[in-house]
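Me: I have a model open and would like to understand why its parts get the labels they do. Could you take me through the reasoning?

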Amino acid sequence: MNQLRTWFLAPARLLTFGFFLAPLAIVVLYSFLTRGTYGGQGAPFTLENYTRLADPLYLEILVKSFWIAILSTAICLVMGFPLALFIARSGPQWRGTWINLVMLPFWTNFLVRTYAWMFLLRDTGLINTAFQGLGLISQPLPLLYNDGAVILGLVYGYLPFMVLPIFSTLERQDPFLLEAAADLGATPWQTLWRVTVPMAKPGILAGSVLVFIPCLGAYLTPDLMGGGKSIMIGNVVQQQFTSSRDWPFGAALSLVLTALVMVLLWFIMRRGGKELI
Amino acid sequence: MRRRTFFLSLSGLAGCTQNRAPRLNVYNWSDYIGTETLANFEKETGIRVHYGVFENNEEMLAKVFGGNSGWDIAFPSNYFIGPMRESRLLARIDRGQLKNLGNLDPMLAAPEWDPRLEHSVPYMWGATGIVFNKSAAGGLKSWADLWDEKHKGRMTMLDDPADAIGAALKKLGHSINSPDAAHLAAAQAELLRQKPLVRAYLNAEARNQLIAGDLQAAQLWGTTSQQAIDAAPHLGFAYPVEGYARYADNAVILRESRRLDLAHRFIDYLLRPDVAADIVKDSRTASANAAARALLPVQVRENPVLYPPPEVLMRAEWFAPLPPAAQRLRDRYWTEIKSA
């Protein structure tokens, strides 16, 4: 029995070690090395890559990245919760269809979908052309290349990660509880706030975490939809590995980002997300 | 059983051909070769070519930096030749094996980054200028025109620290490669002042938006601009009066290569006028090969965007590598500009 267990766990252990811990160890090592004159890295060991992070420049970008991620997560929640509720309350014959529609975008590559948004939002794109054709506006609206476009792209990309966990907690909800609440004199709003939402809390937390983390590290969306005009911390990391050729600093930046996310997760779990595990 | 023998013999066959035909590994920029170039080379010489592409110098350097990448030939830009030579990544070029070397454009026969062509052979070159919508923007002539309020929200700069900061340096009358901290700080101030007018920092993506009419003006590479002009004749192009940046991409043989003879044969093949002419017909870039240029149609070889006339070329300055401290400062200023 014990031997069987070892064998069954072996692939997972191999995966965790080979594809997560070992690369992470390399990143940790690099973050303490010195950048070579022309790229590359080597001795001596140094803390300089971390002390550089105290620079207000990087802190400001980090704070801004947090704000964009928080805002995107909040919008996903406000949009995703009613949708999840609607799907959970619709008849069993429809649920599968709605869930499939939520997952449908995943059939296409995220990069391609981002370019599709850019075609919609451009000055000569579908939206501006249609509005101008209808005489609603005379000048094209600046829909692309600003923070709003970045948030739109993030919300669009990660909304399904909010809907699915909330749906799975609401689906399990016993309909008799709602009847009981109504029998005891609760209005529909009170039932929603005091019965449905508390029961959906694990789903809400899981969804928020699943949306927040990729938003915080996003680099493709700010680069394409933001036009490089409003960069997030992911872009700074990417820049270190490309044009700056400063891998040690890039490694330190990404480790600090990882550490911040881990602290945040730990905090959420301590504060009542125990259902998450 | 029979099926197994069949597969065994197949794999044996594959092994045979692999051993017989010598193989050369060539690592080049994307869209930088003719459609028939490699097939013709294989037919003529019996040397098989394994061809891979990269999108920027940093990507290429990261791959070959360790010295066991498996590539024999790569095509770094001129400002990467010095760093790669000092990092001991480049093999010596044996000029005796390159009988077509005389076909090179005289301006590239003794370039400042490798005056005796000991480690590199120029392949293509290009420069950065301004492409604009003739009807909407009028004619632009200088970098300073990209600071004009009338282009607000309809103008893009390149998403590249060397090019964007380089334009500001030129506008201020400094060298494109100035390592001077005061010059770089002044250039940063210029770009910060310009940022409210900038629609986005875009590279090749600007081409589509110029064609569609979203943009009035853009800082863009000549070759990319020419592609846009081919599709949209309402576009015009200028190499700015203050001066502008020029780069060249060069064939190098990596020190790790154990096929130096084959590598020289391939480079010599690329230097042949007919071969080089076919490459530029397909890639629409500017060849470093003067003899090839003579074979091109007159409207191509006298195209002022791809092959600017001598009086315009006089204003150009080659990109050069910055000292590490200056490079770090420039990167930092660039991060500040983009996050402002």
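Reply: Happy to, and we can go from single residues to domains and then to the two chains. Keep in mind that this is a predicted model.

Me: Let's begin with Ser72(A). Why is Ser72(A) called buried?

Reply: The label needs a relative accessible area under 20%. Ser72(A) has 0%, so it counts as buried. The residue sits in helix 3 of chain A, which covers residues 56-89.

Me: What does Ser72(A) touch, leaving aside residues up to four places away in sequence?

Reply: With those set aside, Ser72(A) touches Ile151(A), Leu154(A), Val155(A) and Cys215(A). Each is a contact because heavy atoms come within 4.5 Å.

Me: And Pro304(B): what makes it exposed?

Reply: Exposed means over 50% relative accessible area. Pro304(B) is at 51%, so the label exposed applies. You will find Pro304(B) in the loop between helix 14 (298-301) and helix 15 (310-313) of chain B. Pro304(B) also has contacts beyond four places in sequence, to Tyr239(B) and Pro309(B). From Pro304(B) to Gln226(B) the C-alpha distance is 9.7 Å, with their positions 78 residues apart in sequence.

Me: Now the domains. Where do the two domains of chain B run?

Reply: The assignment puts domain 1 of chain B at 10-125 + 247-308 and domain 2 at 127-245 + 314-339. Their C-alpha centres are 29 Å apart. Domain 1 brings 18 residues to the contact and domain 2 brings 16 residues. Together the two domains of chain B bury about 1400 Å², and carbon and sulfur atoms account for 65% of that.

Me: Why is the pair Asp230(B) and Arg284(B) called a salt bridge?

Reply: The rule asks for a side-chain nitrogen of Lys or Arg within 4 Å of a carboxyl oxygen of Asp or Glu. Here the closest N and O atoms are 2.7 Å apart, so the pair of Asp230(B) and Arg284(B) qualifies. The count between domain 1 and domain 2 of chain B is one salt bridge. Four residue pairs are in polar contact across that interface, both residues being at pLDDT 80 or more. On the domain 1 side, helix 4 and strand 9 (244-253) of chain B each give two or more residues. The largest share there, three residues, belongs to helix 4. By class, that side divides into twelve nonpolar, four polar and two charged residues.

Me: On to the chains. How do you know that Arg154(B) and Asp123(A) form a salt bridge?

Reply: The same kind of test works here: the limit is 4 Å. Their N to O distance is 3.2 Å, so Arg154(B) and Asp123(A) pass. Between chain B and chain A the count is six salt bridges, and 13 residue pairs are in polar contact, both at pLDDT 80 or more. Helix 16 of chain B gives the most to the side that touches chain A, with ten residues. That side of chain B holds 14 nonpolar, seven polar and 13 charged residues.

Me: How much area is buried between chain B and chain A, and which residues of chain B lose the most?

Reply: The buried area is about 2800 Å², with 51% from carbon and sulfur atoms. In chain B, Arg199(B), Arg328(B) and Thr335(B) lose the most, together 20% of what that side buries. The contact itself takes 34 residues from chain B and 31 residues from chain A.

Terms used
Residues numbered from 1 in each chain as written. Chains lettered and ligands numbered in written order. Predicted model: local features only at pLDDT ≥ 70, side-chain atom pairs only at ≥ 80, totals over all residues. Heavy atoms only, no water. Buried area = accessible area lost by both parts, 1.4 Å probe. Polar contact = N/O pair within 3.5 Å; in protein donor to acceptor, adjacent residues only side chain to side chain. Helix = DSSP H or I, 4+ residues; strand = E, 2+ residues; numbered from the N terminus. Nonpolar A, V, L, I, M, F, W, Y, C, P; charged D, E, K, R; others polar. Domains from an automatic or database assignment. Buried < 20%, exposed > 50% of the residue type's maximum accessible area, 1.4 Å probe, protein only.
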